[in-house]
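Open the model in your viewer and keep the sequence panel beside it. This tour says what to select at each stop and what is there.

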Amino acid sequence: MSGRAAFALGAIVAVCGTADYANDSMGGATCTPAATIVTEPAIPTQGALFRVRVRNVAPGSQLTGSVAGEALHFSADSIPESLAAAPIDSPDSLTIVVRCGGSDSIVARIGTTSGNYPIERLQVAPAFGRPPDSATAARIDRESKRAVGVATRSHTTPQLWVGPFRHPRDARITSGFGGGREYNGAITSRHMGTDFAGTTGAPVLAANRGVVRIVDAFFYGGNVVYIDHGAGLSSAYLHLSRQLVAAGDTVQRGQTIGRVGATGRVTGPHLHFIVRYGSVTVDPLSLFAVAGDSSGTRP
Ligand SMILES: [Zn+2]
């Protein structure tokens, strides 16, 4: 008897679900009452990528949304999902907004956790190099704007990346993301990329498929390559001795795009690798964690 009761209850739930879908298709643009935002990990790390999934949406829903001012790009799966970024300086919570079409939206507020990036606390004022002259300052500003331009443009590029992202070098990591220097309670600088070891001339590989947007010589970055992977993701490869691609090229995952070097502001040859979701710079290792595989040597 109890088994039959449970079956009846299940049937009622199913009927309710069907009714909801019918209402939604008639309205054309509403979230189902059962629609739920789920994140993975449940509590994202500041300075890292995470996944946003929306459960119980009407089939065929065209979801849009945003986290920390950056658009989300949902897959067409039955449980649509998107990558999202928690900025390194984000507050202890983030608001996720998902629109199912029109003005109807669901909102979730989630906690974030510190990345516990190492901070070097300086007792004396950091020694600044000679400040750049005005022409150099203007050049640095121009180059920074071009880099940000690639990052923001990636939101309007369709997803070009396929399968898992790979490390740009099969090499040891010599300096991780996020490490900072603090003086008088203020963080004066942070390492916003991951450094991979390499001697001059060693190969640098594209982390995934994408379109090359910048091949140039920058003041700080030296010889650089910037790749737009689409759906909000871009990557950059700095201090190269040689660039083996041109702006506009479509490159494949694992393609050799340049050679390790020591150009720009560096003390020795290595690869400085940058990953951005929209304009938010994130820990590249978080990209491998949420959308990577085991290729490439782990630290
Ligand atoms: Zn670096």
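Two strands pair if DSSP finds at least two bridges between them. Helices (H or I, at least four residues) and strands (E, at least two) are DSSP runs, numbered from the N terminus. The model is predicted: local features need pLDDT of at least 70, side-chain atom pairs count only at pLDDT 80 or more, and totals for chains, interfaces and linings use all residues. Residues are numbered from 1 along each chain as its sequence is written.

**Stop 1: strand 16 and its partners**

Select residues 233-240, which make up strand 16. Eight of the eight residues here are buried, so strand 16 is largely enclosed by the rest of the structure. A residue is buried if 20 or more other C-beta atoms lie within 10 Å of its own, exposed if 12 or fewer, and partly exposed in between, with C-beta atoms placed from the backbone.

Add residues 222-230, strand 15, which runs antiparallel to strand 16 and is joined to it by six bridges. The two strands form a hairpin with two residues between them. In that turn, alanine 231 has a positive phi of about 55°.

Now add strand 20, residues 271-277, also joined to strand 16 by six bridges and antiparallel to it. Which residues are the bridge partners of alanine 236? Tyrosine 226 is its bridge partner from strand 15, and isoleucine 274 is its bridge partner in strand 20.

**Stop 2: the nonpolar core**

Select Val224 and Tyr237. In the largest nonpolar core, which has 58 residues, these two touch the most other members. A nonpolar core is a set of buried Ala, Val, Leu, Ile, Met, Phe, Trp, Tyr and Cys residues joined through C-beta atoms within 7 Å. Domain 1 (2-111) and domain 2 (119-291) both give residues to this core, so it lies between them; the domain bounds come from an automatic or database domain assignment.

What does tyrosine 237 touch, not counting residues up to four places away in sequence? Its contacts are Pro168, Val204, Val224, Val225, Ile257, Gly258, Leu271 and Phe273. Two residues are in contact if their C-beta atoms, placed from the backbone, lie within 7 Å. In soluble globular proteins, nonpolar side chains tend to be buried together.

**Stop 3: a four-strand sheet**

Next, show the open sheet of four strands in the order 4-3-6-7, with antiparallel pairing. Strand 4 and strand 7 are the edge strands, each pairing on one side only. Strand 3 and strand 6 (residues 93-99) pair over four bridges. Select glycine 65 to find valine 98 of strand 6 opposite.

**Stop 4: three loop residues**

Proline 41 sits in the loop between strand 1 (36-40) and strand 2 (48-55). The peptide bond from glutamate 40 to proline 41 is cis, with omega near 0°.

Alanine 68 lies in the loop between strand 3 (64-67) and strand 4 (70-71). Its phi is near 55°, a positive value in a residue other than glycine.

Finish at asparagine 116, in the loop between strand 7 (105-111) and strand 8 (119-122). Is asparagine 116 buried or exposed? It counts as exposed, because it has 9 C-beta neighbours inside 10 Å.
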